[in-house]
Amino acid sequence: MKRQKRDRLERARTRGYQAGVSGRSKEQCPYNDFDAKGYWLGGWRDAMEDKGSGLFMK
């Protein structure tokens, strides 16, 4: 996989994680591309798991 493509997908995952931590809904995913959307949702799910385990408290 090219570095440029990997960077784009990792950026999507990071943005999904940040969205999950901030409490945004998964329906607010800004990506239409199948791969990028999958990475974004993966990051979002990771954030939900971390919030559920008490990593982030308000």
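## Helix α2 and its span

The expected span of a helix is 1.5 Å times one less than its number of residues. Helix α2 has 19 residues, and from its first C-alpha to its last it reaches 27 Å, close to the 27 Å expected at 1.5 Å a residue. The model described here is predicted.

After α2 comes G54, a residue whose phi is positive, near 90°. Which residues of α2 are buried? They are A36, W40, G42, G43, W44 and A47. One general point helps when reading such a list: an α-helix has 3.6 residues a turn, so residues three or four places apart point the same way.

## The protein as a whole

The protein has 2 helices and 0 strands. Of its 58 residues, 22% count as buried. The accessible surface comes to about 4400 Å², and carbon and sulfur atoms account for 49% of that area.

Contacts can also be sorted by how far apart the partners are along the chain. Among contacts between residues at least 6 apart in sequence, 65% join residues at least 24 apart.

## The nonpolar core

How many residues make up the largest nonpolar core? There are 8: L9, A12, A19, C29, Y31, A36, W40 and W44. Helix α1, residues 3-21, supplies at least two residues of this core, and so does helix α2, residues 34-52.

Three of the core names, A36, W40 and W44, also appear among the buried residues of α2. Another core member, C29, is in contact with K37 and W40, leaving aside its neighbours within four places in sequence.

## Salt bridges

The structure holds 2 salt bridges. In one of them, R8 pairs with D33, and the closest N and O atoms are 3.5 Å apart. R8 lies in helix α1 and D33 in the loop between α1 and α2, so this pair ties together parts that are 25 residues apart in sequence. Are these two residues buried, partly exposed or exposed? R8 counts as partly exposed, at 32% relative accessibility, and D33 is partly exposed as well, with a relative accessible area of 39%.

The other salt bridge joins D46 and R13, with the closest N and O atoms 2.7 Å apart. Here D46 belongs to helix α2 and R13 to helix α1, so the pair ties together parts that are 33 residues apart in sequence. D46 has a relative accessible area of 27% and is partly exposed. R13 is also partly exposed, at 28%. Both values fall between the limits of 20% for buried and 50% for exposed, which means that neither residue belongs to those two classes.

## Y39 and G38

Y39 lies in helix α2 and counts as partly exposed, at 27% relative accessibility. Which residues does Y39 touch, not counting those up to four places away in sequence? They are L9, E10, A12 and R13. Of these, L9 and A12 are members of the largest nonpolar core, while R13 is the salt-bridge partner of D46. The C-alpha atoms of Y39 and R11 are separated by 8.7 Å, although the two residues are 28 residues apart along the chain.

G38 is also placed in helix α2. With a relative accessible area of 35%, G38 is partly exposed. Measuring from C-alpha to C-alpha, G38 and A12 are 8.7 Å apart in space, and in sequence they are 26 residues apart.

How values were computed: Residues numbered from 1 in each chain as written. Predicted model: local features only at pLDDT ≥ 70, side-chain atom pairs only at ≥ 80, totals over all residues. Heavy atoms only, no water. Core = buried A, V, L, I, M, F, W, Y, C linked by side-chain atoms within 4.5 Å. Buried < 20%, exposed > 50% of the residue type's maximum accessible area, 1.4 Å probe, protein only. Helix = DSSP H or I, 4+ residues; strand = E, 2+ residues; numbered from the N terminus. Contact = heavy atoms within 4.5 Å. Salt bridge = Lys/Arg side-chain N within 4 Å of Asp/Glu carboxyl O. Areas by Shrake-Rupley, 256 points an atom, 1.4 Å probe, with all protein chains shown as cover.
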